[in-house]
Amino acid sequence: MLKTDRIGEQEEDHFIKGVKDSLPTLFGYISIGIAFGVVGIASNLNTLEITLLSILVYAGAAQFIFCGLYLAGTPASIIILTTFIVNLRHLLMSLTIAPSFTSQSLLRNIGFGSLLTDETFGVAVTKRAQTGALGPRWMDGQNITAYLAWIAASVVGALIGKWIPNPEKLGLDFALTAMFVALLVLSITAANHTKIMHYLQLISYMAVIIYFLLHFTSTHIAVLVGTVVVATIGVVTEKK
Amino acid sequence: MITSSMMWLLLGCAVVTWLPRVLPFVFVKNVILPPIILRWLAYIPVCILSALVMTNLFDASGSYVTFNWPILAAFIPTVLIAIWTKSLSITVIVGVVCMATIRFIF
């Protein structure tokens with residue numbers, strides 16, 4: 001495996017370092033991107049539409065849901081509303097990352113926000129937990145690598161889509177979950193012992209709350225409500 | 001190759017995805033967040049990631065929510081590998097292989 005797998009210690013702000021730190025997530029991006037292209041073709045989208053989705057929307061989970069809704073003939077207004085709800089979690093992620101870049105220009109901040117995803121967010125918070133800060137050039141490095149890899153993988157997926165009728169058989173859909181697991185483990189283990197115990201306690205609350213919420217809301221509403229509730233419990237139960 | 005109604009649909013989805021991503025970056029620049037909000041935000045990464053993982057472990061398609069057993073079976077070795085290697089790419093590769101194996105067997 002690549003040496004860059006272990007996200008580095010205190011270092012200067014370099015674009016290339018950002019590119020290197022994003023390499024471990026690339027396998028995830030590429031397999032999910034290819035799976036998306038394949039699913040898109042199976043949902044009667046053409047290669048141009050698949051490519052534009054990846055360029056314009058750039059949000060893995062939402063793009064898969066788009067395919068499902070489009071195939072089912074859902075009205076455009078409902079597809080747009082669903083996309084909004086699915087991606088609303090980015091608001092919380094952006095709020096978390098934005099304080100690291102307040103000294104940067106408005107234009108650069110718009111750039112950081114536009115390219116924020118679950119994965120780049122995960123890599124960035126892990127980096128910040130280890131080094132205490134985030135560099136703008138490092139951030140651009142990992143953002144642009146992830147964006148280009150995602151678009152390229154979607155196009156490749158669309159092109160080979162005709163030969164893979166059932167991408168689930170290859171386990172490709174699990175790549176997204178596995179990436180979330182790895183990002184979660186990395187962000188927990190960066191903390192000290194007391195904090196780790198607190199996090200584990202919060203995760204067990206999360207399991208119960210998500211189980212409860214799924215009985216009467218969609219997955220994406222459950223993620224939003226669960227996050228807001230458990231983060232609040234986190235602040236309340238924090239050891240001073 | 002692309003209809004205007006599809007183009008509008010894509011642009012609509014792009015705008016509603018872009019705004020929540022970008023607004024905090026524009027807004028936080030001009031406002032100093034109170035310490036309580038910063039403490040709350042510190043819990044967001046672990047909460048959001050665990051929520052995303054949890055929703056995958058459950059199957060809400062029936063009238064009662066149950067475990068999604070094949071996903072759970074692949075999840076356990078994936079967690080262990082993540083803790084052991086602390087590596088994103090090894091975790092993803094092992095996870096995908098576990099999932100493919102489970103789907104191949106059952």
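In this predicted model, A:Arg108 and A:Asp140 are joined through their side chains by a salt bridge, with N and O 2.3 Å apart. That pair ties together distant parts of the chain: A:Arg108 sits in helix 6 of chain A, A:Asp140 belongs to helix 8 (residues 136-160) of chain A, and 32 residues separate them. Counted over all chains, the structure has 7 salt bridges.

Helix 6 of chain A also has business with the other chain. This helix, spanning residues 106-114, and helix 1 of chain B, spanning residues 4-27, have axes that come within 8 Å of each other and cross at roughly 145°. As for handedness, the crossing of helix 6 of chain A with helix 1 of chain B is right-handed. On the chain A side, the residues that meet helix 1 of chain B are A:Leu106, A:Asn109, A:Ile110, A:Phe112, A:Gly113 and A:Ser114. Their partners in helix 1 of chain B are B:Trp18, B:Arg21, B:Val22, B:Phe25 and B:Val26. Sorted by class, this helix-to-helix contact is made up of 7 nonpolar, 3 polar and 1 charged residues.

Now for the whole interface. Chain A puts 96 residues into the contact, and chain B puts in 68 residues. Between them the two chains bury about 7500 Å², and 79% of that area lies on carbon and sulfur atoms.

What about charged pairs and polar contacts across the interface? Just 1 salt bridge is counted between chain A and chain B. In it, B:Arg39 pairs with A:Glu238, and the closest N and O atoms are 2.7 Å apart. Polar contacts between chain A and chain B come to 15 residue pairs, with both residues at pLDDT 80 or more. Looking at where chain A does its touching, helix 9 (residues 174-189) of chain A supplies the largest share of the side facing chain B, with 15 residues. Broken down by class, the side of chain A that touches chain B holds 60 nonpolar, 25 polar and 11 charged residues.

Methods. Residues numbered from 1 in each chain as written. Chains lettered and ligands numbered in written order. Predicted model: local features only at pLDDT ≥ 70, side-chain atom pairs only at ≥ 80, totals over all residues. Heavy atoms only, no water. Axes fitted to C-alpha atoms, helices over the stretch in contact; angles between N-to-C directions. Helix = DSSP H or I, 4+ residues; strand = E, 2+ residues; numbered from the N terminus. Left-handed = near helix turned anticlockwise from the far one by under 90°. Contact = heavy atoms within 4.5 Å. Nonpolar A, V, L, I, M, F, W, Y, C, P; charged D, E, K, R; others polar. Buried area = accessible area lost by both parts, 1.4 Å probe. Salt bridge = Lys/Arg side-chain N within 4 Å of Asp/Glu carboxyl O. Polar contact = N/O pair within 3.5 Å; in protein donor to acceptor, adjacent residues only side chain to side chain.
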